[in-house]
Structure formats: structure tokens, C-alpha cells
Amino acid sequence: MRLQVWIGAMVVATVVTAAAFAPQLATHNPMRSSIDFLQGPSSEHYFGTDELGRDVYSRVLHGAKISLIVGIGAAVVATLIGVPIGLLAGYRGGKVDLFVVQLIDLFIALPGLVLALIITVMIGVSIDKLMIVLGFVTWPVVARLVRGQVMNIRESLFVEAARALGGRAMWIVWTHILPNILRVIAAQFSITVSLAIFTSASLSFLGLGIPPPTPDWGGMVRAGFDFLSINPLISLAPGGAVAVTVFGFYLMGSTIE
């Protein structure tokens, strides 16, 4: 395993640990307001407090759980949609492949953030809906990757041998082709998580993320935007958390060749 993958794995493990043990690591209730608003970093408030007197450090820790749930959930949805479609198009070819390619191109032609923004406005915001929307937006990338991998493998000698022995298409795909592209699918899964986390934070920054007072990194960045001159960590801390988490998942997915 290459060095960047190890680095990415350590970063992701750190974020997951912080999310899992946020109640123990947090120094304050992340949703409790106080009169100590817009305080700078101190021994009591490591990252200071926001405009409502809430501890920024504790909110960043608890926000990790929301971002991971949304990112991983969206990647699961994208994988469940994109992998079967990519397998079908890559193996069958012909008109089926042409239709799938045109469908993928149609989705990819639309900016993912804009499409997610439109759908979110239409159906509303919740964690479940956000996962579905982001998975729906990112499945074409998964499908295109899987299709390309299948097209490279379907003419291999072991696949030709399976056909010669009378193997059915479905059996060949699931027993010979899919196992040979699982590593690529896993790598793309990690990249999809990073993309979903970044897009979720962008939606929250635009006011279409998880509604307050639930700690959400994108929403925290937006909330602190007006107070950068007083306590820049209100925005910089959650913004840095987004950057580090996205970077970690992206490094983990860098095994795609």
C-alpha cells in the first residue's frame, strides 16, 4: 500500500475516532448557549465561542458525526445505483451501453452542486434526504468507472473460457468480472465519500444543509463568516475539519490506477 493511502487511512481513523467519542472528548454541550459569546481561544474554550456563546471545539467534534453519516450514506447510495448500471452497460454493450453513456453524460454535464441544490430545494432537508440526494448526484461517476473497467475485462481469456463453458451472462459478471474490480470500486467509494462531504458542506454554507442547532461543519463556516475579525476560528475550525476529512478520504481512494 502506498504512503498516501496510509496517511489517508490515519486521517480518516482520527476523524472517525473523534466522531465516535465526541461526547467524551467535548468539553461543553455543543447546543447549549451562554453569555460568553464570541470569546477567543482559551483553556476553557479551545476554539473560542460562537455568536450564541456555544463552544466551537465541541461543535466541531459533534459535527464530524453528521458529516461522516452523510458522506458514507451518500457513497453507499451511489455505489448501489452506479455499480449495477456500470456492470450492465460494460458487459452488454450495444444499445444498452449507448443509452447508459448518454444518461451518464447528461448527469455529468450538470454541475453536481447545482443539481443537488435544485433537488434539495424541491424535497426539503434532512439527513436521510441529503444522503439520497448526494448519492443520486454522484452515481454517474461510479457507473462510468465500473463500465470502463468491465469493458477492459470482458474480453479477457478467463471470461472467454467461462462463455465457452456455457456460463450465463449474469453468472460471469458476478463470479468473474465483479471480483476483479472490487478494489477499484472500494477506491472510488472513498473518493465518493470525500465528494459527498464537500458537497454537503457547500449546501450547508448556502443554507440548505442540516438545520440548526445541530452542529454541521458547512453551517458553522457560514455562521462564523460575519465574525472573522472577532474570532476567525468560528469558521476556520470547521472549514479545516472539512478540508482534512475530504483530503483523508481522497488519499485513501488514490489507489485507482
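In the predicted model, Ile-181 is in contact with Leu-87, Val-146, Gln-149, Val-150 and Ile-153, neighbours within four places in sequence being left aside. Ile-181 is also among the residues with the most contacts inside the largest nonpolar core, a set of 35 residues. Val-83, Leu-87, Leu-134, Val-146, Val-150 and Ile-177 are listed with Ile-181 in this respect. Two or more residues of this core are given by each of α3 (56–92), α4 (94–109), α5, α6 (127–153), α7 (157–164) and α8 (169–205). Helix α6 supplies the largest share, ten residues. Another core, of 20 residues, lies apart from the largest one; among its members are Val-12, Val-15, Val-56 and Ala-241. In soluble globular proteins, nonpolar side chains tend to be buried together.

Nonpolar side chains also form a patch at the surface. Leu-113, Phe-205, Leu-206, Phe-225 and Leu-228 make up this nonpolar patch, the area of which is about 430 Å². Leu-113 belongs to helix α5, which spans residues 112–123. The relative accessibility of Leu-113 is 35%, so this residue counts as partly exposed.

Helix α8 also contains Ser-190. This serine has a relative accessible area of 5% and is therefore classed as buried. When neighbours within four places in sequence are left aside, the contacts of Ser-190 are with Phe-249, Met-252 and Gly-253. With Phe-249 there is a polar approach, the side chain of Ser-190 reaching the backbone oxygen of Phe-249 at 2.5 Å. Arg-163 is 27 residues from Ser-190 along the chain, and the C-alpha atoms of these two residues are separated by 33 Å.

A search of the whole structure gives three salt bridges. Side chains of opposite charge can pair when their charged atoms come close. One of the three salt bridges is formed by Asp-97 and Arg-147, with the closest N and O atoms 2.5 Å apart. Asp-97 is located in helix α4 and Arg-147 in helix α6, so this pair ties together parts that are 50 residues apart in sequence. Asp-97 is buried because its relative accessible area is 10%, where the limit for burial is under 20%. For Arg-147 the relative accessible area is 19%, and this residue is therefore buried by that limit.

Asp-50, Arg-54 and Arg-59 are joined into one network by salt bridges that share partners. In the pair of Arg-54 and Asp-50, the closest N and O atoms are 2.8 Å apart. In the pair of Asp-50 and Arg-59, the corresponding separation is 4.0 Å. Arg-54 and Asp-50 are both buried, and Arg-59 is buried as well.

A backbone feature is found at Leu-38, which is in the loop between α2 (22–25) and α3. Most residues other than glycine have a negative phi. Leu-38 is not a glycine, yet its phi is positive, at about 55 degrees. The relative accessibility of Leu-38 is 19%, and this residue therefore counts as buried.

How values were computed
Residues numbered from 1 in each chain as written. Predicted model: local features only at pLDDT ≥ 70, side-chain atom pairs only at ≥ 80, totals over all residues. Heavy atoms only, no water. Patch = residues over 30% accessible without salt bridge, like charges linked within 9 Å, V, L, I, M, F, W, Y side chains within 5 Å. Areas by Shrake-Rupley, 256 points an atom, 1.4 Å probe, with all protein chains shown as cover. Helix = DSSP H or I, 4+ residues; strand = E, 2+ residues; numbered from the N terminus. Buried < 20%, exposed > 50% of the residue type's maximum accessible area, 1.4 Å probe, protein only. Core = buried A, V, L, I, M, F, W, Y, C linked by side-chain atoms within 4.5 Å. Contact = heavy atoms within 4.5 Å. Polar contact = N/O pair within 3.5 Å; in protein donor to acceptor, adjacent residues only side chain to side chain.
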